[in-house]
Amino acid sequence: QVQVVESGGGSVQPGGSLRLSCAASGSIRSIGAMRWYRQAPGKERELAATITSGGVTNYADSVKGRFTVSRDFAKNTMYLQMNSLKPEDTAVYYCNADIIVHPLYTYSNYWGRGTQVTVSS
């Protein structure tokens with residue numbers, strides 16, 4: 001059994017900052033790539049940021065230069081530091097991870113339930 005749980009969402013004014021966390025727990029053998037997706041009201045879910053098992057990062061153009069994704073490999077946790085937030089960043093943010101679960105040796109994909117981020121004055 002594996003759980004992926006996001007935390008750190010909330011309400012902030014434009015120009016403010018938030019830090020999201022995503023913690024994976026359970027019978028984990030290994031974690032590959034981890035990703036942050038987001039879904040704004042009435043829009044499709046979009047990939048915001050990715051970090052590989054080697055620490056390589058990639059960002060959507062809409063968040064590049066403002067968001068930073070990182071990982072604590074010892075804690076099986078991923079973070080998303082969001083600075084200079086804009087109203088258009090308002091969305092539910094979801095964690096997604098490729099995880100190998102004991103006793104298997106292949107990756108399965110897991111989603112968290114999401115955390116709400118609201119940017120408004």
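Here is a friendly conversation about a predicted model, its sheet, its core and its salt bridges.

Colleague: What should I know about the model before we start?
Modeller: Residues are numbered from 1 along each chain as its sequence is written, and side-chain values use heavy atoms, with hydrogens and water left out. Totals for chains, interfaces and linings use all residues, while side-chain atom pairs count only at pLDDT 80 or more and local features need pLDDT of at least 70, as this is a predicted model.

Colleague: What is the order of the strands in the open sheet of four strands?
Modeller: Strands here are DSSP runs of E, at least two residues long, numbered from the N terminus. Two of them pair if DSSP finds at least two bridges between them. The pairing in this sheet is antiparallel, and the order is β1-β3-β8-β7.

Colleague: Which are the edge strands, and by what angle are neighbouring strands turned on average?
Modeller: An edge strand here pairs on one side only, which holds for β1 (2–7) and β7 (67–72). For the angle, axes are lines fitted to C-alpha atoms, and angles run from 0 to 180 degrees between N-to-C directions. With direction ignored, the average turn between neighbouring strands of this sheet is 15°.

Colleague: Which residue in β3 stands opposite V2?
Modeller: β1 pairs with β3 (residues 18–26) in the antiparallel sense, over six bridges. The residue in β3 that stands opposite V2 is G26.

Colleague: Which strand gives the largest share of the largest nonpolar core?
Modeller: Such a core is a set of buried Ala, Val, Leu, Ile, Met, Phe, Trp, Tyr and Cys residues joined through side-chain atoms within 4.5 Å; buried means under 20% relative accessible area, exposed over 50% and partly exposed in between, with a 1.4 Å probe and protein chains only. This core has 31 residues, and W36, L80, M82, Y93 and I99 have the most contacts inside it. Elements that give two or more residues include β4 (28–39), β8 (77–82) and β9 (91–101). The largest share, six residues, comes from β9.

Colleague: Which residues does M82 touch, leaving aside those up to four places away in sequence?
Modeller: Contact means heavy atoms within 4.5 Å. On that basis, M82 touches G16, S17, L18, L20, R66, F67, Y93 and V117.

Colleague: How many residues apart in sequence are the parts that R35 and D98 tie together?
Modeller: A salt bridge is a side-chain nitrogen of Lys or Arg within 4 Å of a carboxyl oxygen of Asp or Glu, and the count here comes to five. R35 and D98 form one, with their closest N and O atoms 2.6 Å apart. R35 lies in strand β4 and D98 in strand β9, so the parts they tie together are apart in sequence by 63 residues.

Colleague: Is R38 buried or exposed?
Modeller: R38 is found in strand β4. Its relative accessible area is 5%, so R38 is buried.

Colleague: Which residues are joined with R38 into one salt-bridge network?
Modeller: R38 meets E46 in a salt bridge of 2.6 Å, N to O, and E46 is partly exposed at 32% relative accessible area. R38 also meets D89 in a salt bridge of 2.9 Å; D89 sits in the loop between β8 and β9, 51 residues apart from R38. Salt bridges that share partners join R38 into one network with E46, R66 and D89.
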